[in-house]
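Here are a few exercises to work through with the model open beside you. Try each task before reading its solution.

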Amino acid sequence: MIDVMLQRNFRSCELPNQRKLLGVVGGMGTLATAKFLEALARKSRFETDQDHIAFICLSAPNIPDRSQAISIGSDAPLRQIVERASWLEKAGCGAIAIPCNTAHLWATEIKQALSVKLIDMVEITKQAIEASHGSAAHNLRSITLGTSATMQHGLYVERNEDHFGKECSRSLKTLQNETARIIADVKSGNTKNAKDNLTRVVRLARSFEPHIVILACSELSAICGEIADGHNIVDPIDILADACISWWMTESQPHPVGNRL
């Protein structure tokens with residue numbers, strides 16, 4: 001039903017004297033989308049309701065599993081992601097945010113399909129890491145926790161097992177399998193078990209003394225809680241929220257509506 005709806009023509013939701021809206025392609029997964037929207041509201045720190053970011057969130061969760069598709073060389077999810085992003089563009093959105101890390105393996109294709117800005121979560125996270133670590137950013141010992149696709153394809157950093165030695169290399173498969181189970185638990189609503197296991201997995205990752213641990217799946221961001229307060233934890237969902245707020249404040253300007261009597 002949603003795919004049929006997305007193919008129809010919609011009038012723009014842009015209102016007179018209204019800033020361009022932020023478009024959010026959600027549903028990957030639902031709790032992860034809610035985490036992003038919460039971060040967007042919490043980090044905005046505006047004084048009134050009227051000052052907060054105006055957005056349209058399209059959370060239609062029937063997009064095929066991104067990591068599974070990539071594992072078999074399929075881009076089936078890409079078509080539906082682009083359909084949703086294009087619908088948001090036609091609805092009057094001036095920028096698109098996708099709070100799903102794995103979906104950004106198709107960031108280039110998504111950008112090519114749009115005429116508005118994709119606020120690229122991977123790109124801005126890399127920029128934030130570079131800003132925090134300066135010239136040392138290119139030699140960081142980093143561990144990425146996420147879907148199998150993000151961990152295998154080096155979504156944020158090239159795989160750097162050589163920086164840690166053979167013991168860490170042997171443990172990476174364990175980290176990948178454990179993280180996959182945590183993500184599955186979050187998606188099925190078993191968040192208590194997922195939180196306990198995430199604490200344990202982050203502790204294992206930290207035992208190898210990385211400079212940073214990247215929570216490269218929005219399901220991990222959704223349940224990380226106090227874990228994200230650690231000095232070496234990088235949460236791309238929080239960084240995406242900051243970038244959306246920055247876009248809203250600096251790039252999305254009210255449109256003139258002419259003289260009024």
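Before starting, take "buried" as under 20% relative accessible area, with exposed over 50% and partly exposed in between (1.4 Å probe, protein chains only). Helices (H or I, at least four residues) and strands (E, at least two) are DSSP runs, numbered from the N terminus. The model is predicted: local features need pLDDT of at least 70, side-chain atom pairs count only at pLDDT 80 or more, and totals for chains, interfaces and linings use all residues. Residues are numbered from 1 along each chain as its sequence is written, and side-chain values use heavy atoms, with hydrogens and water left out.

**Exercise 1.** Check the length of helix H11 (residues 236-250), then work out how enclosed H11 is.

*Step 1.* The expected span is 1.5 Å times one less than the number of residues. For the 15 residues of H11 that gives 21 Å, and the end C-alpha atoms are 21 Å apart, so the two agree.

*Step 2.* Now go along H11 for burial: the buried residues include Pro 236, Ile 237, Leu 240, Cys 244, Trp 247 and Trp 248. In total 11 of the 15 are buried, so H11 is largely enclosed by the rest of the structure.

*Step 3.* Look at the N-terminal end of H11, where Asp 235 acts as a cap: one of its side-chain oxygens lies 3.1 Å from the backbone nitrogen of Ile 237.

**Exercise 2.** Find which element gives the largest share of the largest nonpolar core.

*Step 1.* A nonpolar core is a set of buried Ala, Val, Leu, Ile, Met, Phe, Trp, Tyr and Cys residues joined through side-chain atoms within 4.5 Å. The largest one here has 29 residues, and Leu 240 and Cys 244 are among those with the most contacts inside it.

*Step 2.* Strand S1 (21-26), helix H2 (30-44) and H11 are among the elements that give it two or more residues. H11 takes the prize, with 9 residues.

*Step 3.* Zoom in on Ile 119. Counting contacts as heavy atoms within 4.5 Å, and skipping residues up to four places away in sequence, Ile 119 touches Leu 240, Ala 243, Cys 244 and Trp 247, among others.

**Exercise 3.** Which strands stand at the edges of the sheet with the order S5-S6-S7?

*Step 1.* Strands pair if DSSP finds at least two bridges between them. This open sheet of 3 strands has parallel pairing.

*Step 2.* Strand S5 (142-146) and strand S7 (233-234) each have a single partner strand, so one side of each lacks a neighbour in the sheet.

*Step 3.* S6 (residues 212-216) pairs with S7 over 2 bridges; Val 213 has Ile 233 as its bridge partner in S7.

Key: Polar contact = N/O pair within 3.5 Å; in protein donor to acceptor, adjacent residues only side chain to side chain.
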